[in-house]
Amino acid sequence: MNGTVTVLDKGAVRIHSYMSPADTFHTTTQLIETPARIIAIDAQLLPAYADEAIAYAKGIGKPLDRLIVTHAHPDHYNGAARFGVPVHALAVVREQIVARGDSQLPTGLVIPVADFTPTVDLTPGTEVIDGVPFVFEAVSGGEAADELLIKLPDQGVLVAQDLVYNDVHLYLGNNDITGWQQAVDALAAESGYETVLAGHGLPTGPEVYADVRRYLADARELLGDDGDAYKKAIVDRYPAHVGPFIIDIANRSLFGASH
């Protein structure tokens with residue numbers, strides 16, 4: 001396996017957090033194991049890494065029930081078809097995925113939009129699965145225009161996905177630092193969640209909020225009108241973070257195609 005899996009035992013629930021290698025900026029697929037099934041969250045950029053997460057899930061010995069896609073970025077949905085289960089997402093996220101169209105991998109391979117278009121519209125609220133309450137909340141603004149936040153209150157687990165990165169450079173291509181800061185402030189105000197599952201990086205705890213806030217504040221300070229200068233400055237400030245090329249991807253949105 002090229003990725004790594006971190007297992008957290010939460011009583012009636014076990015969390016299996018699959019993290020891709022640094023070449024796809026440690027993107028995570030969360031496998032939430034309930035008493036009778038597995039709920040998968042987010043589907044990887046490269047189908048090969050989705051396949052690793054699925055192979056691991058099959059080894060758990062419970063059926064995959066569904067795949068939930070939290071937001072409309074290809075590193076979280078490209079591999080959706082590999083899971084072979086209904087794909088759930090907020091209606092607005094489904095619309096954004098369809099609007100983005102086909103996905104082209106760095107290898108040149110094109111994945112047709114039909115392969116990863118969510119088929120089940122997810123409604124915010126609480127769903128009890130195998131006696132485990134899953135709380136679904138819609139969050140607007142920040143890393144993406146719209147994101148799904150998932151809470152497991154009985155287990156003290158908050159599935160933040162790309163509202164939180166852990167020791168990975170942030171993708172600022174949505175150009176909404178203020179919205180992201182507000183979203184992180186709202187998460188930090190939540191009590192009772194000692195486990196935070198990041199969309200990039202290893203599972204962590206509430207201490208990650210201060211780290212994300214600091215990075216966003218530094219990005220606001222350093223982000224001028226030159227993408228190359230910004231990348232050098234932020235990498236110099238966070239030399240241990242992985243995925244500096246995620247900055248290149250964001251800079252194409254922020255500064256145009258020359259970056």
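Me: What is the place of Ala250?
Reply: The model is predicted. In it, residues 245-255 form a helix, and Ala250 lies in that stretch. The place of Ala250 is therefore helix H7.

Me: Does Ala250 count as buried or exposed?
Reply: The relative accessibility of Ala250 is 3%. Buried means under 20%, so Ala250 counts as buried.

Me: Leaving aside its neighbours within four places in sequence, which residues is Ala250 in contact with?
Reply: Contact means heavy atoms within 4.5 Å. With neighbours within four places in sequence left aside, the contacts of Ala250 are Tyr171, Leu172 and Gly173.

Me: How many Å apart in space are Ala250 and Arg66, C-alpha to C-alpha?
Reply: In sequence, Ala250 and Arg66 are 184 residues apart. In space, the C-alpha to C-alpha distance between them is 30 Å.

Me: In what order do the 5 strands of the open sheet stand?
Reply: The sheet is open and its pairing is mixed. Strands of a sheet pair through backbone hydrogen bonds, either parallel or antiparallel. The order here is E10-E11-E12-E13-E14.

Me: Which strands stand at the edges of the sheet?
Reply: A strand at the edge has a single partner strand, so one side of it is left without a neighbour in the sheet. This applies to residues 125-129 and to residues 195-200. The edge strands are E10 and E14.

Me: By how many degrees are neighbouring strands of this sheet turned against each other on average?
Reply: The direction of the strands is ignored for this angle. On average, the turn between neighbouring strands is 30°.

Me: Which residue in E11 is the bridge partner of Gly125?
Reply: E10 and E11 (residues 132-140) run antiparallel and are joined by 5 bridges. Gly125 has its bridge partner in E11, and that partner is Phe136.

Me: Which helix packs on the sheet?
Reply: The helix touches E11, strand E12 (146-152) and strand E13 (157-165). Its direction makes about 160° with that of E13. The helix spans residues 177-188 and is H4.

Me: Does Gln161 count as buried or exposed?
Reply: Gln161 is found in strand E13. Its phi is near 45°, a positive value in a residue other than glycine. The relative accessibility of Gln161 is 0%, so this residue counts as buried.

Me: What is the relative accessibility of Asp130?
Reply: Asp130 is found in the loop between E10 and E11. Phi of Asp130 is near 55°, a positive value in a residue other than glycine. Asp130 counts as partly exposed because its relative accessibility is 27%.

Terms used. Residues are numbered from 1 along each chain as its sequence is written. This is a predicted model: local features need pLDDT of at least 70, side-chain atom pairs count only at pLDDT 80 or more; totals for chains, interfaces and linings use all residues. Side-chain values use heavy atoms; hydrogens and water are left out. Two strands pair if DSSP finds at least two bridges between them. Helices (H or I, at least four residues) and strands (E, at least two) are DSSP runs, numbered from the N terminus. Axes are lines fitted to C-alpha atoms, for helices over the stretch in contact, and angles run from 0 to 180 degrees between N-to-C directions. Buried means under 20% relative accessible area, exposed over 50%, partly exposed in between (1.4 Å probe, protein chains only).
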